[in-house]
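Biologist: Please take a close look at the charged side chains, and tell me which of them are paired, where they sit, and what surrounds them. I am new to this, so please explain each term as you come to it.

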Amino acid sequence: MIDWSVDRRSGCRWARRIALMLCGCLWVGSVTRVAAMAPSYDARDRDGPDYKAYVVARGGVLPASARNIVAVHRAAAIPPFARKYGLPCSACHTAWPELNAFGQRFKDNGYQLGNDRDSPIWLNPAYIPFGVRTTPQWRLERNTHQPVDAVPGDAASGTVERTITQSGFDISGADLLMLGTLYKNITFGFVPTVADGEGVGIETAFVRFDNLFRSPWANLKFGKFELDNMLSEKRSLMLSSNGTFYQTYHFVPVGDATDFGLGDNQIGAEWLGHSANSYTRFSAAVLGSTDGVPGLPSGKSYDGAVTLSQAFDAGRLGLQRVGVYGYTGRRPTVFETVGGEPVAGTGTENRTFYRLGVVGDFFIGNFELLPLYMHGSDNKDLAGGIQDPAWNSGLLELHYYISPQLILTQRSEIIRMSQQADPANPKHLGNIDAFTFGSRWYPPSCSVWAGLAVLGELSFTKTMALHH
């Protein structure tokens, strides 16, 4: 992956951060191949875009009127499921790790195709649903207007603004992806992460019971997992420190102590439902108020999240989807203390925050457009102010599929405060403008055994500080 990044920070002036990363985004999976297993479709499925995507992925030919519907659904993907079922990776992905309509349906069904050979008891015992992802890189970063001590090591010397430049080789660590079925209609996910010098962390760990009461509307997930966000931060086509990070998902006003990110994996239980073809989808989750941190550091409160989306077949334009989402939570403002230090789990006087939004996923020819809008607000006590801070944010992400191996990407993201916690603060305090431009290339030599993506990104971020 080649990754360009420029981060603009501090003040109302554009500060510059230039990063050049050379990264090999590498996926490696288990090395046992199993017999091909074709999915089963009934007659009504065969007119849907997900089935058409599957036919093209398998090398079939569609009528001329239908071919452009799936022209953008041909690319490569991570290996494990492709090897398991003998399918090309493009059966489930527009460009890995992003899912197409067939891939979304496969995921909704608990990583099952719905035939008699989904259960591991029918598989070669040597098969392991396992993948590894890592991103070695070289980068150059430049930050202007960086506040530092006037005399290094002397906090009393005051602060000055300087330009900080750094470069070198780096690595993001590695994700060990394990997803699959324990038994028919019992799905598991386990993703430990390994970072040099930081030990092992648990990114994902869940079990899911699918098709309860023989209904696709009844699926229960329990553990640590990504929320059912239509715009997934975990499946982003961008990998730079700015590009893969959705400012909208993680924004909190200046001085606000709310520990929450909509893109973070959360711990709790989630009820998911979907129609037979996954065109209609919903989820409702009850989550711990810890933003995915193990233990009970906050106290005695819970968060809640809901999503709802609807897809429709737009004929020659392909499958389009729109959705709404909401998240509300509570955070404590008072803790018992020992020696002045808060005691974990004793939080009281909880205060509320919420996030509401709409999102879309639209195809126009080889263009994919991903717009998102969100309104957020935190209680004034969480923000240390005299009124509830509120803000609006929006982003538009564009993907242009030049070929199955080459994709151009662009994202524009804007966050605007509509009400400050402290009315004396400038209205623009905390506003963010972020822009990312990139490309993603999959070498044609990649296969279902391993994959490599080469990325180039240029990112700009501007955050408004107190002075104007």
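Modeller: The answer below begins with the whole chain, then follows the charged pairs, and ends with some of the surroundings.

This is a predicted model, in which local features need a pLDDT of at least 70 and side-chain atom pairs count only at pLDDT 80 or more, while totals for chains, interfaces and linings use all residues. Residues are numbered from 1 along each chain as its sequence is written, and side-chain values use heavy atoms, with hydrogens and water left out.

The chain has six helices and 22 strands; these are DSSP runs numbered from the N terminus, of type H or I and at least four residues for a helix, and of type E and at least two residues for a strand. Of its 468 residues, 51% are buried, where buried means under 20% relative accessible area, exposed means over 50%, and partly exposed lies in between (1.4 Å probe, protein chains only). The accessible surface of the chain comes to about 20,600 Å², with 61% of that belonging to carbon and sulfur atoms; such areas come from the Shrake-Rupley method with a 1.4 Å probe, and for residues only the protein chains shown count as cover.

Turning to the charged pairs, the structure holds 13 salt bridges, each being a side-chain nitrogen of Lys or Arg within 4 Å of a carboxyl oxygen of Asp or Glu. One of them joins E270 to K221, with the closest N and O atoms 4.0 Å apart. This pair links distant parts of the chain, since E270 belongs to strand β11 (residues 266–274) and K221 to strand β10 (residues 219–225), 49 residues apart. E270 counts as buried because its relative accessible area is 2%, and K221 is likewise buried because its value is 6%.

Another salt bridge runs between E349 and R351, whose closest N and O atoms are 3.8 Å apart. Here E349 is partly exposed, because its relative accessible area is 45%, and R351 is also partly exposed, because its own is 24%.

Between these two residues in the numbering is N350, which lies in the loop between β16 (341–342) and β17 (351–364). N350 is buried, because its relative accessible area is 14%. If neighbours within four places in sequence are left aside, N350 is in contact with S301, R330, R331 and P332, where contact means heavy atoms within 4.5 Å.

A further salt bridge connects D433 with R416, and its closest N and O atoms are 2.8 Å apart. Because D433 lies in strand β21 and R416 in strand β20 (residues 406–419), the pair ties together parts that are 17 residues apart in sequence. D433 counts as buried because its relative accessibility is 11%, whereas R416 is partly exposed at 35%. Salt bridges can also share partners, and in this way D108, D228 and R281 are joined into one network.

D108 brings us to helix α4, where A101, F102, G103, Q104, R105, F106, K107 and D108 are buried. Since eight of the eight residues of α4 (residues 101–108) are buried, the helix is largely enclosed by the rest of the structure. After α4 comes G110, whose phi is positive, near 80 degrees.

Not every buried charge has a partner of this kind, and R440, found in strand β21 (residues 432–441), is a useful example. R440 is buried yet has no salt bridge, and the nearest side chain of opposite charge, that of E457, is 6.1 Å away; for this purpose Lys and Arg count as positive and Asp and Glu as negative, while His and the chain ends are not counted. What R440 does have is a polar contact of 2.6 Å that joins its side chain to that of Y442. In addition, a polar atom of the R440 side chain lies 2.8 Å from the backbone oxygen of L237. A polar contact is a pair of N or O atoms within 3.5 Å; within protein, one must be able to donate a hydrogen and the other to accept it, and residues adjacent in sequence count only if both atoms are side-chain atoms.

Charged residues also appear around F245, which sits in the loop between β10 and α5 (247–250). Leaving aside neighbours within four places in sequence, F245 is in contact with E233, H250, R411 and E413.
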